[in-house]
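Hi everyone, thanks for making time for this. I'd like to walk you through one structure, strand by strand and then helix by helix. Here it is on the screen.

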Amino acid sequence: MVKTHHSHGLVEGGHRAVVFDRFKGVLPKPLAEGTSIVIPVLQSAFLFDVRSKPRVINSVTGTKDLQHVNISLRVLSRPVEQMLPEIFSKIGQDFDERVLPGVGNEVLKAVVAQYNAEELLSKREQISDQIRVNLIKRAREFHLILDDVSITHLTFSKEFTKAIEQKQVAEQDAERQMYIVQRADQERKAVVIRAEGEAEAAMKISKAVADFGTALIEIRRIDAARDIADILSKSRNITYLPGGQNSGLLLGLTAGQG
């Protein structure tokens with residue numbers, strides 16, 4: 001009820017007032033903030049808070065696969081100012097108490113029933129948007145504006161939660177086993193590639209020996225002769241005889257010979 005002072009009614013900030021006249025009924029135009037004239041005895045003014053107010057709507061509903069889920073919605077709502085006289089006439093001053101819990105549960109049950117439990121987790125944002133759109137539409141029918149709708153709480157039964165956890169563990173184990181198999185397969189391929197490379201190299205060496213066998217043997221003989229000559233040249237008991245056809249002949253001289 002608006003505070004009255006003689007013939008004046010005071011409407012506080014953030015509020016509007018609906019006037020009920022004993023002869024005319026509810027007047028069609030609400031009173032704005034400030035001081036307005038209200039006829040004592042004949043008229044009564046009823047205050048409405050038109051600021052956006054938060055409310056939490058809780059619901060226990062079922063999913064498409066018959067899992068029970070607890071959902072909490074946080075809603076910011078306010079009435080359409082011009083429609084306050086109609087809201088007062090049809091619903092009353094406690095309109096938000098009477099409207100929001102009912103339409104909130106109605107929308108939650110209708111939307112959640114379209115999805116299975118796992119989709120509620122994986123598509124939470126999409127489902128939240130669908131709930132918001134549907135709830136805003138339903139609230140508008142009662143001349144309520146919803147400034148925000150969001151899911152604040154979502155839980156399943158203990159049995160389903162445990163099953164989800166076990167499934168996640170199983171999926172992680174499966175991914176780990178797949179990684180081990182892939183790594184073993186890569187290692188096997190690496191061994192095969194190495195073996196093929198070594199076989200190819202052996203074949204090339206065999207072919208080179210077959211095609212150039214004599215030349216390779218001659219090269220080996222020359223290398224061996226060079227090594228022997230190097231060793232003998234460093235010996236003190238060897239004398240070189242220069243010139244002639246016997247150039248390069250090495251004579252071994254024993255100590256004390258003239």
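Let's start at one pair of residues: Ser77 has Leu146 as its bridge partner, and Leu146 sits in S9. Before I go further, please keep in mind that this is a predicted model.

That pair belongs to the contact between S8 and strand S9, residues 144-156, where 11 bridges hold an antiparallel pairing. Another place to look along S9 is Val149, which has Val75 opposite.

Now turn to the other neighbour of S8. Strand S7, residues 53-62, runs antiparallel to strand S8, residues 68-79, and 10 bridges join the two. If you want to click on some pairs, Val56 has Arg74 in S8 as its bridge partner, and Val60 stands opposite Asn70, also in S8. S7 and S8 make a hairpin, with five residues between the strands. For those of you who like to check backbone torsions, Leu66 in that turn has a positive phi of about 65 degrees.

Putting these pieces together, we get an open sheet of three strands in the order S7-S8-S9, with antiparallel pairing. Which strands stand at the edges here? They are S7 and S9; each has a single partner strand, so one side of each has no neighbour in the sheet. From one strand to the next, the twist averages 20 degrees.

Next, the helices that go with this sheet. H2 lies across S7, S8 and S9, and its direction is at about 40 degrees to S7. H4 also packs on the sheet: it touches S8 and S9, and its direction makes about 140 degrees with that of S9.

And how do the two helices meet each other? Helix H2, residues 95-112, packs against helix H4, residues 124-140, at an angle of about 140 degrees, and the axes are 9 Å apart. H2 and H4 are therefore oblique to each other, and their crossing is right-handed. On the H2 side, the contact involves Val103, Gly104, Glu106, Val107, Leu108 and Val111. They meet Ile127, Gln130, Ile131, Asn134, Leu135 and Arg138 of H4. By type, the residues of this contact between H2 and H4 divide into seven nonpolar, three polar and two charged.

Let me finish with another sheet, earlier in the chain. Three strands form this open sheet, in the order S4-S3-S6, and the pairing is antiparallel. Strand S4, residues 25-26, and strand S6, residues 43-49, stand at the edges; each has a single partner strand, so one side of each is left without a neighbour in the sheet. Strand S3, residues 15-21, pairs with S6 over seven bridges in the antiparallel sense. One pair to look for there is Ala17 with its bridge partner Leu47 in S6.

As a reminder when you browse these strands, side chains in a regular strand alternate between the two faces of the sheet. That's my tour, and I'm happy to take questions!

Notes:
Residues are numbered from 1 along each chain as its sequence is written. This is a predicted model: local features need pLDDT of at least 70, side-chain atom pairs count only at pLDDT 80 or more; totals for chains, interfaces and linings use all residues. Side-chain values use heavy atoms; hydrogens and water are left out. Two strands pair if DSSP finds at least two bridges between them. Helices (H or I, at least four residues) and strands (E, at least two) are DSSP runs, numbered from the N terminus. Axes are lines fitted to C-alpha atoms, for helices over the stretch in contact, and angles run from 0 to 180 degrees between N-to-C directions. Angles under 35 degrees count as roughly parallel, over 145 as roughly antiparallel, 65 to 115 as roughly perpendicular and the rest as oblique. A crossing is left-handed if the near helix is turned anticlockwise from the far one by less than a right angle, and right-handed if clockwise. Contact means heavy atoms within 4.5 Å. Ala, Val, Leu, Ile, Met, Phe, Trp, Tyr, Cys and Pro count as nonpolar, Asp, Glu, Lys and Arg as charged, and the others, Gly among them, as polar.
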